[in-house]
Amino acid sequence: MIKKDFRNMTLFCEQLPYTHLAEEFGTPLYVYSKSALTEAFENYQTAFAALNPLVCYAVKANGNLSIIKHFASLGSGFDIVSGGELARVLAAGGDAAKTIFSGVGKSEAEIEFALNAGVKCFNMESIPEIDRIQKVAARLGKVAPVSLRVNPDVDAKTHPYISTGLKANKFGIAYADALEAYRHASRQSHLKIVGIDCHIGSQLTDLSPLIEACERILALVDQLADEGIVLEHLDLGGGVGIVYQDENVPDLGAYAQSVQKLMGTRRLKLVLEPGRSLVGNAGSLLTRVEFVKHGEEKNFVMVDAAMNDLMRPALYDAYHHIEAIETKDIEPLTANIVGPICETGDFLGKDRTIACEEGDLLLIRSAGAYGSSMASNYNTRNRAAEVLVDGNECKLIRQRETVEQQMANELACL
Ligand code: LLP
């Protein structure tokens with residue numbers, strides 16, 4: 001919840017001015033609003049109320065323990081893609097029995113960990129993976145609850161790097177092969193088929209591909225039932241887009257209504273795996289202007305955050321709204337907002353018109369999803385600190401990293 005106080009012309013997160021947060025915790029700083037997280041989760045529950053879905057927060061969007069803990073307290077389940085993410089869910093008090101293990105290349109060790117933890121379901125993406133889960137489950141004397149991630153071959157019409165539902169993508173089992181893969185799975189002694197799953201991509205701004213995917217998956221559900229393979233749940237993945245700039249985003253109520261209509265009287269529990277739409281607009285990256293550099297052709301606002309903190313602009317040419325925390329009576333300039341990393345791709349915003357000068361604070365919006373979770377140490381930069389704001393209170397939920405911590409696992413042995 002970002003608000004502007006027009007008397008002081010400064011931005012607030014809930015009831016706290018960003019200027020105070022920067023003073024207390026330094027920059028670059030990820031700032032999350034607890035009420036925005038809650039509201040986003042409740043939006044799903046309200047929109048889909050008639051279907052009583054299990055909302056499994058996709059941990060990859062932001063795996064901070066406090067954020068997981070908060071969603072767990074709201075009743076959320078989790079969607080994970082690694083043993084590491086499962087460890088996070090368990091450490092934060094999340095329920096393994098509400099956790100779906102997705103991902104295209106699970107190792108035997110990860111499968112063993114998840115089986116012992118008692119996850120709700122493994123979303124399997126290939127025949128070799130079916131065989132691998134069967135093997136590990138047999139060795140442990142357990143029965144693995146499984147579902148197949150089917151690739152419905154639907155164009156999600158999003159950035160090619162985050163589109164996953166087309167034939168050419170590495171994800172899921174091809175639609176045409178799905179029945180045979182289910183038959184194969186049903187013959188395994190240590191697998192129990194419980195569901196079906198699809199996830200066609202991320203940052204979807206159009207509802208129709210989601211509906212089309214649902215329709216195609218339900219057709220398979222019926223064919224499976226005809227063969228005596230009766231499923232307990234339908235998992236439609238994540239993918240609902242958020243507003244970064246001026247996108248139209250899918251209306252959750254309309255999505256829910258369409259799904260309900262398509263599901264009809266089928267007795268299936270609905271599972272959803274939203275990531276971005278739960279955390280994306282609940283978080284921002286707060287950064288300070290180091291200085292303004294007037295180049296020959298372009299101006300550059302050099303800030304203390306960089307592509308290692310927020311990779312999305314460099315990787316996907318993604319737009320994040322950037323604004324000054326304090327409104328100043330100075331001439332705005334048009335500039336690229338860039339970090340100090342030695343790469344031309346290190347930009348956070350291009351050709352932005354902004355009124356700022358050395359020492360000012362800027363807010364990079366909509367950075368709650370795939371911001372800190374994709375951060376790196378490139379150029380030996382410490383990962384940013386993170387805070388969670390709740391009304392007029394603020395908690396540090398990740399300490400700023402130190403160079404000593406970065407070097408701790410390295411050995412200078414020659
Ligand atoms: N389920 C599965 C199996 C997924 O692969 C993903 C995201 C989700 C759920 C959550 O999707 P969401 O609701 O967040 O769209 N780094 C990219 C996004 C990659 C998404 C990968 N999979 C970005 O910054 O835009």
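Visitor: What makes the pair between D79 and a nitrogen atom of the ligand a polar contact?
Guide: A polar contact is a pair of N or O atoms within 3.5 Å. In this predicted model, an N or O atom in the side chain of D79 is 3.4 Å from a nitrogen atom of the ligand. That is within 3.5 Å, so the pair counts. Side-chain atom pairs count only at pLDDT 80 or more, local features need pLDDT of at least 70, and totals for chains, interfaces and linings use all residues. Residues are numbered from 1 along each chain as its sequence is written, and side-chain values use heavy atoms, without hydrogens and water.

Visitor: How do you know that R312 makes a polar contact with the ligand?
Guide: An N or O atom of the R312 side chain is 2.6 Å from an oxygen atom of the ligand. The pair therefore meets the cut-off.

Visitor: How much of the ligand does the protein cover?
Guide: The ligand on its own has 580 Å² of accessible area (Shrake-Rupley method, 1.4 Å probe), and the protein covers 91% of that.

Visitor: Why are β1 and β2 called paired?
Guide: Two strands pair if DSSP finds at least two bridges between them. Strands are DSSP runs of E, at least two residues, numbered from the N terminus. β1 and β2 (residues 10-13) have 4 bridges, so they pair, in the antiparallel sense. D5 stands opposite T10 in β2.

Visitor: What makes β1 and β3 edge strands?
Guide: The open sheet runs β1-β2-β3. β1 (2-5) and β3 (16-17) each have a single partner strand, so one side of each is left without a neighbour in the sheet.

Conventions:
Polar contact = N/O pair within 3.5 Å; in protein donor to acceptor, adjacent residues only side chain to side chain.
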